[in-house]
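Me: I have a structure to go through and would like some help in reading it. May I ask questions as they come up?
Reply: Certainly; please show the sequence and the structure.

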Amino acid sequence: MFELRQLEHFLAVVECGTVSKAGERLNITQPALSRSLQNLECELKTPLFARSKNKVTLTKTGEFAAQYARKILSQADEMVEQVRLFHKCDTKIIISSCAPCELLFSLRDLVKETYGGVDCETLVEDERSIERNLMEGKCSMGLFSGKVENKSFIQFPLKTEKLFAMIPLDNPLSKEKSLSFDQINGEAVIPFPLKGYWNDLLEKKLPDSHLLYQSDIHAFDKVVHSSSLISFESNFLEIGVPGHAKIPISDPEASITYHLAMLRTSREEFSLLVKRLGEVQIA
């Protein structure tokens with residue numbers, strides 16, 4: 001049977017148009033490449049090229065074979081990716097979260113403590129990706145901003161996080177007891193430094209605001225403490241900016257109760273962790 005390497009050689013010639021150019025791309029000699037093509041044609045028992053002095057042209061059979069070759073190589077690449085991912089999931093616990101919150105890292109530490117220092121990796125993804133990856137076995141458990149409507153999951157409510165606006169005292173909004181996103185919309189604001197649920201929400205709720213993203217946590221901290229712009233914090237991430245009033249956001253989306261979800265089929269595997277969640281108060 002032909003080898004994947006031969007299909008790679010075949011497609012290189014198809015794309016380059018000549019054996020010499022394909023050889024340069026593949027960094028192999030022209031005679032070696034020609035032998036590889038001949039062996040592939042021998043295995044398939046059909047010619048794939050109409051050869052002339054300066055170039056090779058695909059036959060109709062060759063065009064048909066090229067379509068299959070692309071599919072096979074694509075599937076081979078997918079197999080490598082999926083096998084590596086399966087091994088990764090099989091040898092470590094992966095927690096995907098909708099936000100890079102302290103709760104996530106406390107959960108990671110609890111997993112390590114519960115399972116004797118097992119390797120535990122945390123990822124931050126959008127919630128659709130988390131749900132899909134859980135269903136496909138690409139992560140062990142997911143941390144969502146609320147309960148997910150999926151009968152394949154068992155879910156555990158953990159802690160509630162609330163969003164606050166940090167309003168400069170010279171801004172009229174600083175006199176308010178609570179604020180809606182509509183009241184803030186249009187103001188220049190500094191979002192959180194890391195991707196996640198809150199920044200996704202700010203982009204959605206503040207379409208007319210100029211969101212001044214910072215490159216990292218250190219830049220965020222420096223700008224927040226030295227500027228007179230509106231920023232945000234939560235009861236999980238208390239920044240305490242001098243000269244600013246801390247005002248709760250009144251919109252219902254500004255208060256979320258994190259839910260830990262896992263596949264029902266994983267309940268026995270993580271039964272010890274489920275028990276620990278009922279016994280301890282994680283940060």
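Me: To begin, what share of the residues in the chain is buried?
Reply: Of the 283 residues in the chain, 42% are buried. Please keep in mind that this is a predicted model.

Me: How many helices and strands are there?
Reply: The chain contains 10 helices and 10 strands.

Me: Is the chain spread out or compact?
Reply: The chain is more spread out than a compact globule, because its radius of gyration is 28 Å, well over the 19 Å that the globule rule gives for 283 residues. Along the principal axes, its C-alpha atoms fill a box of roughly 85 × 45 × 30 Å.

Me: And what about contacts between parts that are apart in sequence?
Reply: Take the contacts between residues at least 6 apart in sequence: 67% of them join residues at least 24 apart.

Me: Which residues touch the most other members of the largest nonpolar core?
Reply: That core has 56 residues, and those touching the most other members are Leu163, Ile184, Phe232, Ile249 and Tyr258.

Me: Let us take Ile249. What does Ile249 touch?
Reply: Setting aside residues up to four places away in sequence, Ile249 touches Leu163, Phe164, Ala165, Leu179, Phe181, Ile184, Phe232 and Ala254. There is also a second, separate core of 17 residues, with Leu48, Phe49, Ala66 and Ala69 among them.

Me: Tyr258 was on that list too. How many aromatic pairs does a search of the whole structure find?
Reply: The search finds six aromatic pairs. One of them joins Phe236 and Tyr258, and this pair is stacked, with 5.9 Å from centre to centre and 20 degrees between the planes.

Me: Where do the two rings of that pair come from in the chain?
Reply: They link distant parts of the chain, 22 residues apart. Phe236 is in the loop between β8 (230–234) and β9 (244–248), whereas Tyr258 is in strand β10 (residues 255–263).

Me: Are Phe236 and Tyr258 buried or exposed?
Reply: Both Phe236 and Tyr258 are buried.

Me: Which lysines lie over a ring?
Reply: Lys246 lies over the face of Phe164, at 4.6 Å from the ring centre. Phe164 also appears among the residues that Ile249 touches. In addition, Lys71 places its charged end over the ring of Tyr68, 5.4 Å from the centre of that ring.

Me: A change of topic: backbone angles. Which sign does phi have in most residues?
Reply: Apart from glycine, most residues have a negative phi. Asn27 has a positive value, with phi near 60 degrees. Lys45 likewise has a positive phi, near 60 degrees.

Me: Where are Asn27 and Lys45 found?
Reply: Asn27 lies in the loop between α2 (19–26) and α3 (30–44). Lys45 lies in the loop between α3 and β1 (49–51).

Me: Are Asn27 and Lys45 buried or exposed?
Reply: Asn27 is exposed, because its relative accessible area of 69% is over the 50% cut-off. Lys45 is also exposed, with a relative accessible area of 72%.

Me: One last residue, Gly23. Where is Gly23 found, and is Gly23 buried or exposed?
Reply: Gly23 belongs to helix α2. Its relative accessible area is 5%, under the 20% cut-off, so Gly23 is buried.

Me: What is Gly23 in contact with?
Reply: Leaving aside neighbours within four places in sequence, Gly23 is in contact with Ile28 and Leu33. Gly23 and Leu33 are 10 residues apart along the chain, and their C-alpha atoms are separated by 6.5 Å.

Key. Residues numbered from 1 in each chain as written. Predicted model: local features only at pLDDT ≥ 70, side-chain atom pairs only at ≥ 80, totals over all residues. Heavy atoms only, no water. Phe/Tyr/Trp six-rings, centres within 6.5 Å; stacked < 30°, edge-to-face > 60°. Helix = DSSP H or I, 4+ residues; strand = E, 2+ residues; numbered from the N terminus. Buried < 20%, exposed > 50% of the residue type's maximum accessible area, 1.4 Å probe, protein only. Lys NZ or Arg CZ within 6 Å of the ring centre and 35° of its normal. Rg over C-alpha atoms; globule rule 2.2 N^0.38 Å. Contact = heavy atoms within 4.5 Å. Core = buried A, V, L, I, M, F, W, Y, C linked by side-chain atoms within 4.5 Å.
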